[in-house]
Amino acid sequence: MMETTDQELSKLILRAYPAPISLAWRHYLRASNKKEEHDRLLDLLEISAMFFAMVFLSQYRKDKNTIEEIDQELLKLSGASFGTWKALIQKISAVYNSNSKVTVVREIAQAFQKKEPNVHSIRFVKEICKLIGRDAPAQSKISPVDFLEWCVTYRNEIAHAKPSPSEEVCRARLEWLAPAVIQLLNTFQILAKYSFIYLQRTLIQNQDIIGEAVPLSGWDLENKTQIFPASPQVRSGNLYLCSPETNEVSLRLLPVFLYGKCSSCTYEPRVFIFRKADVKEEAKIPVLCKSVDYTCPVCGNRSRVEQADSAQAFLEVLYVASQDLEQPGEGQPSPETTLPPILTEVQEPESPLEVVPENVSQPDSVQFERKINPHIKSFLSLQSQEDNGGTRGLDEFGKDTYVETLLDTKLKQKILEGSVNLVILTGNAGDGKTAFIQQVENGALSLGANNIEQTEYGSRFILGDCKYQTIYDGSEDEASKINRQRLDEFFFEFRGDAPRPNKIVKIIAINEGHLREYLLNNGNYSWLGKQIHHFLEYYNFELDPSLLVINLNLRSVVDSSLASRNSIFDKLLDKFLLPKFWTECQSCSAHTTCSIKFNIDALTDKDYGNQVRSRIKSLYLISHLRSKQHITVRDLRASLAYILVNRYSCEGIHSDISNGNHSKFMSRYYYNSVFGVETEIGKGDHEQERVIKLLRQTDVASVPNPHLDNLLAFTHPISIGLFAEFSKRASPDINFLEEQFIAINEERLLELSQEYHSSMRRKFFFEGVESATSEAGYSSWMEMLPFKSFGEFMGAFTDTDTLEKVRNNVLDAINISERIYNNGITANNLCIRTNANSKSLIKAFSQFPKVEFRCIVKRAGKQGLYLEYCPNTIIFRYKDDQNKQIDLNLDLYELLVKIGNGYIPGGKELRDFFLNLLLFKKQLTALPASSILLTEDEKRYFRLRKSGNQVLSIEEIV
């Protein structure tokens, strides 16, 4: 076997090895510290052993072998351990090494048994022997199967070690563990030569789960993409292991399916089918395969295919195709095939194909039972963080769901290069300042930082020729003398009236108020204080290159594109929806009712998942544009966790089901929970409630659309026909809504009627099919929002014509708010009354040409290099004078547009939104005026003008 360099092998594993191994390898490469790297390496080892065992079992079953010792092992495979996988490899490889038949498995089996002078494996075994106090074996050569034997010993030692190995211990062990595992993977490069199957879609037909699959040529995990052939082709003789698409590695592989094909279709679709087979008590092993009648979902013809037991994931991968497993060769590809049409559109001539969501029925092949998802507690814990206490930094769940931002990709690199001396992070609690500093520290460790001193307040270390110091919270215990001393020490090198630091990098998180108080009132920092003062006070001030101040209050968790997947919102939601968090839910007995399963299936649906998430995103974007509250990353995590799982544990959900409280789930389905239907605002100030309270103010249930409301209020839910059909999601909510609809019409319950109508509006907002809705003449989802100017306001950020329209709308609205309705007078001027007294007999107005006003989109300046920034205000300015401007948020612009259309605002609206506008108008009327507009009856207008020789003249405006 040709040896490759570590770098070449890494690329080969990422691009061509089977998905379970390549994905595990990627996790190993991306480990953030030595302890995680150590644990990921052991996972990689066990997953590789599992996959090798599956390859052996594939041929063993296909060849119809029956060997007592191996069959007895198969009976023990429930919850198989690392040692069980190793034993299967050892025993089956021994069988094939004694067989003269040359197969893929034989080549791999020979590699397992062959003794090689592998120095890495030998050192590995010697170190394990030292660890457990046993004499090292005398042999100077070791085979992969011997290596796995000692790996099992080491795994067991780790499992029982108390306490678990520390970071330093893991670092030392990696010196002999990593090279040995890499050598093992290098030995089996043959895995890169074979194709694997990707499961395209599934459906249920007559209690059989049918999967349609296409071949993959490999996984390009280096670039995080999947490689599909332009025209799916399959070479005869290839080993087909069915591997469903998965984004994360799990020690328990997802269920996979047996291979079969329709005997009639011209393009031979790869179809998989399974059902729980009977297990005869007297049989030595379970009856895994038998032929069954199968109706092809594409051509409608019946044929015989293999059916398999799905009790254990690795058993479903057993190869049952007719051809032998041969060594891969170039060969001739089979005729080009095209993917079959979507199965739900197939019309079967004899008996219609019944297509129902995969989760609704309970096929015999899946053993549904009461499950407790261990990750739900982590999601619930995100909603109980009232302050910073105990929440600073990252726990294990935080690491799994950490989202890389521009801070990580841009600023961290700049810091680790030592190209800046001082980085100051300001912002609200929950903005991720401490988490980012910890990422910098981890990055330094991976680059070989030394002399590390770690405390609960921060750290010190040396990287290259630079000394680093971090403080997680410079605002902590603001009145504390100890904190003051800590800041004095931290900023010591920046004293004086000129920059002096050299070969130092300091990073501190501190709120703006405390930063001002400490630096600006301290004569020791004349240069640094001036730099910070000017930066905070003057928009265009450029800091010295050695300094960086990042205000995380400018960071946006959403962007202005609902279709993009690049915002922090999108990346975090992707993390929350990772399959590994929801594996337990797939076979839970509550799967057809549970609100959590309903929500996850809606957001991950291949056809309508993007629609649902983009409309949820629109609500967050509206909240951002209203500028009422800065949404931190912690806010976002808490609110998304609430939308997905609400406040109920698995135990609570099972209890409600057992007690028959199914109707309680309605408020927990995402389209109700996103508006906080069940949340009691006011009982605490959790981050979740803060954001949900904002989202509640965008509730689409509060907006009238008469034509649409007539449909939703007086039509059976199942008869509306405009809702999206989710491919895998059960729809228990329709049953509950139908029950409510019937109860309303029979009992005339007003309260229930309002609750029902609100739920229907919300569901229609998220799940209405836009094309069908438009064709039927009903309101679009944008028209259901309480902010009608949302699209226009958002469009002004990127389109100059829309920005000009916004300017004109604001000018027209201000004119109307001044109670001047003569279009001839206001066509080219902004008119503002000089006296607001309504009893004045003569009204006087100052006139300002409209061309002297413009709208500007507020930008983040140079901080935009390091922050995800989305504007949330538009500046309406007079003559480029920054002292005469008003910031328009979505609320104020919405009100101005309504005023422009004839709306008269009430007192509360005037108090809430018009104060800044009133100050702006007073600033304008305080300017010297060359002319005044006068009117008595708003029919005849006169202009009072002052000429250059100080003579007043008055003329009527025609």
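**Reading a strand pair, a sheet and a helix pair**

In this predicted model, strand S17 (residues 843-849) and strand S21 (residues 931-935) run antiparallel and are joined by four bridges.

Q: Which residue in S21 is the bridge partner of Ser846?
A: Bridges let you match residues across two strands. Here, Ser846 has Ile932 in S21 as its bridge partner.

Q: What is the order of the strands in the open sheet?
A: Follow the pairing from one strand to its neighbour. In this case the five strands read S16-S17-S21-S22-S23, and the pairing is antiparallel. Strand S16 (829-833) and strand S23 (952-957) are the edges, each pairing on one side only. On average, neighbouring strands of the sheet are turned by 30° against each other, with direction ignored.

Q: Which helix lies across S16 and S17?
A: That is helix H33 (residues 915-925), which runs at about 100° to S16.

Q: How do I read the crossing of helix H5 and helix H8?
A: Look at the distance and the angle together. The axes of H5 (residues 82-97) and H8 (residues 144-160) come within 9 Å and cross at roughly 170°. An angle over 145 degrees counts as roughly antiparallel, so H5 is roughly antiparallel to H8. Their crossing is left-handed.

Q: Which residues in H5 and H8 meet?
A: Go through the contact one helix at a time. H5 brings Phe82, Gly83, Lys86, Ile89 and Gln90, while H8 brings Val145, Leu148, Glu149, Cys151, Val152 and Arg155. By class, the residues of this contact of H5 with H8 are six nonpolar, two polar and three charged.

Conventions
Residues are numbered from 1 along each chain as its sequence is written. This is a predicted model: local features need pLDDT of at least 70, side-chain atom pairs count only at pLDDT 80 or more; totals for chains, interfaces and linings use all residues. Side-chain values use heavy atoms; hydrogens and water are left out. Axes are lines fitted to C-alpha atoms, for helices over the stretch in contact, and angles run from 0 to 180 degrees between N-to-C directions. Angles under 35 degrees count as roughly parallel, over 145 as roughly antiparallel, 65 to 115 as roughly perpendicular and the rest as oblique. A crossing is left-handed if the near helix is turned anticlockwise from the far one by less than a right angle, and right-handed if clockwise. Contact means heavy atoms within 4.5 Å. Ala, Val, Leu, Ile, Met, Phe, Trp, Tyr, Cys and Pro count as nonpolar, Asp, Glu, Lys and Arg as charged, and the others, Gly among them, as polar. Two strands pair if DSSP finds at least two bridges between them.
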